[in-house]
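Colleague: Before we open the model, could you take me through how to read a ligand site, a small sheet and some backbone details?

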Amino acid sequence: MSVVSVVDVEKANGVLVIAARDILTPLAADRAKELNVRIERAGDAKVSASPTVASVQPIVRPLKPAPTAAKSPTIESLIQPGALSGALYRRGAQVPPKMRVTNDSAPKTQDDRPRAAVVGAGHVGAMTALRLAETSLFSRVLLVDIVPGLAAGLALDMWHSSGLRGFTTQIEGSTDLSALEGAGYVVMTAGRPRQPGMSRTDLTGVNAEIVGGVADGIRRYAPNSVVVVVTNPLEEMTYLMANRTGFPSKRVIGMAGVLDSARFCSLIALEGVARPQDVNAIALGSHGAEMVIPLSLATANGRPIEELIANDRLAAIVERARDSGAEVVKLLQKGSAYFSPAESAASMVAAMVRGGSPVIAACVQSGGAYGLADTRIGLPVRLDANGVKEIVTLPLRSDEQAALAEAARSLAKRISELS
Ligand SMILES: NC(=O)c1ccc[n+]([C@@H]2O[C@H](COP(=O)([O-])OP(=O)(O)OC[C@H]3O[C@@H](n4cnc5c(N)ncnc54)[C@H](O)[C@@H]3O)[C@@H](O)[C@H]2O)c1
């Protein structure tokens, strides 16, 4: 009897004949499959290295042993019982379920992980919940929606994918805001989206009522949470959320700048100058007409974008980025964008939990930064586990600074009209 190893398989030229009592190691069996090497035991029928249909069919065992039916052994059946020691697993080799590592970011003690909640299980909310769960940074993601069964059904469906995607965050759904208890991060997505022809401010009345009610629930059940507001109109709803919860301004952050920056970078990439991830730009000001994208700071592969793309073309791209939401709404005819908004919101929450956040754009209270009127506006910030760590001062050109000041004045006016 001898042990047949990977080396033996690799040396074989299509067929490897082994003795009846030889031990074929799991690695060797695995390698044989990869190289399509047929293993033949002396005296046995030939065995194909690729698993046969028979080898994956459930085996129905007869009550009495069947009389000498000739069995065609599979590769798995050639592996000696107990040989799956778990030791020496080659990279890429099949790993027994017990050993499978689900996600690198899953901590050893699951209870240490924070909890996140998403209010509104519509398009943006559901996708945000899934994106958050997929990071495995949270012990639980709770989805809340007023429609009975919607959040629970979606949460269960998402949880069914946990093994396939390899995440360890539990997802649950509820109709009740009391389920927010214990949440360290809450993403607010409840509210009406735009329909074709609507501006974001057309949503103010209906969404202000929804945000007000949810804010009361957050204050009551998750009083120490950091809230990321997604509901439109973004700046007004971020202000309202801060006002109604009474949370310090660093704990109520609006999501728009990450999305608008990403949209601009993706559109620049369509010009063929760089991949989206190699374009660096930041969208400040409002999530709408007063959006300011400082082109003086924008780069592609580290080169100033103004040197790569003509001015009139750049102006058209800025315009398209500013109107991207409406462009999607018009195409969809019903509902608004949600893949990139959800990715943006989830990435902000993940950045807080991971720490060491890069400079991103977020809707925050300006509080004297950039010499602006005090309002909620998109500015460059760094985040940490407690929300906004700092507003970052970037060297804006005078025209960009003037556009930002104009945006702040418009937003301050709209917010003052809210009450
Ligand atoms: N900030 C951004 O960049 C950005 C991007 C995309 C969408 N949005 C906004 O996000 C919001 C959601 O968009 P969507 O596409 O997911 O809409 P949607 O209609 O698909 O989902 C909204 C969900 O909110 C739920 N809801 C309503 N009132 C609620 C309440 N009181 N409590 C709990 N749930 C409630 C609804 O039942 C619905 O399921 C809209 O206001 C939209 O304009 C913002």
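The dialogue below turns from the ligand to the sheet and then to the backbone.

Modeller: This is a predicted model, in which local features need pLDDT of at least 70 and side-chain atom pairs count only at pLDDT 80 or more, while totals for chains, interfaces and linings use all residues. Residues are numbered from 1 along each chain as its sequence is written, and side-chain values use heavy atoms, with hydrogens and water left out.

Colleague: Which residues come nearest to the ligand?

Modeller: A residue is near a molecule if one of its heavy atoms lies within 4 Å of it. Here 28 residues are around the ligand, and V124, D145, R192, V230 and M255 come nearest. By class, that shell has 16 nonpolar residues (Ala, Val, Leu, Ile, Met, Phe, Trp, Tyr, Cys and Pro), two charged ones (Asp, Glu, Lys and Arg) and ten polar ones (the others, Gly among them). Helix 5 (123-135) and helix 8 (204-221) each supply at least two residues of the shell, where helices are DSSP runs of H or I with at least four residues and strands are runs of E with at least two, numbered from the N terminus.

Colleague: Which polar atoms lie close to nitrogen atoms of the ligand?

Modeller: A polar contact with the ligand is a pair of N or O atoms within 3.5 Å. A backbone N or O atom of M255 is 2.9 Å from a ligand nitrogen, and a polar backbone atom of V230 is 3.0 Å from a nitrogen atom of the ligand. For a ligand oxygen atom, a polar side-chain atom of N207 lies 3.4 Å away. The ligand taken alone exposes 870 Å², of which the protein buries 87%, with accessible areas from the Shrake-Rupley method and a 1.4 Å probe.

Colleague: In what order do the three strands of the open sheet run?

Modeller: Two strands pair if DSSP finds at least two bridges between them. The order is 11-14-15, with antiparallel pairing, and the edge strands, strand 11 (279-280) and strand 15 (303-304), each pair on one side only. Two bridges join strand 11 to strand 14 (residues 299-300), and N280 has T299 in strand 14 as its bridge partner.

Colleague: Which peptide bond is cis, and where is S136 placed?

Modeller: Most residues other than glycine have a negative phi, and most peptide bonds are trans. The bond from N232 to P233 is cis, with omega near -5 degrees, and P233 lies in the loop between strand 9 (226-229) and helix 9 (234-245). S136, although not a glycine, has a positive phi of about 60 degrees, and its place is in the loop between helix 5 and strand 6 (140-144).

Terms used
A polar contact is a pair of N or O atoms within 3.5 Å; within protein, one must be able to donate a hydrogen and the other to accept it, and residues adjacent in sequence count only if both atoms are side-chain atoms.
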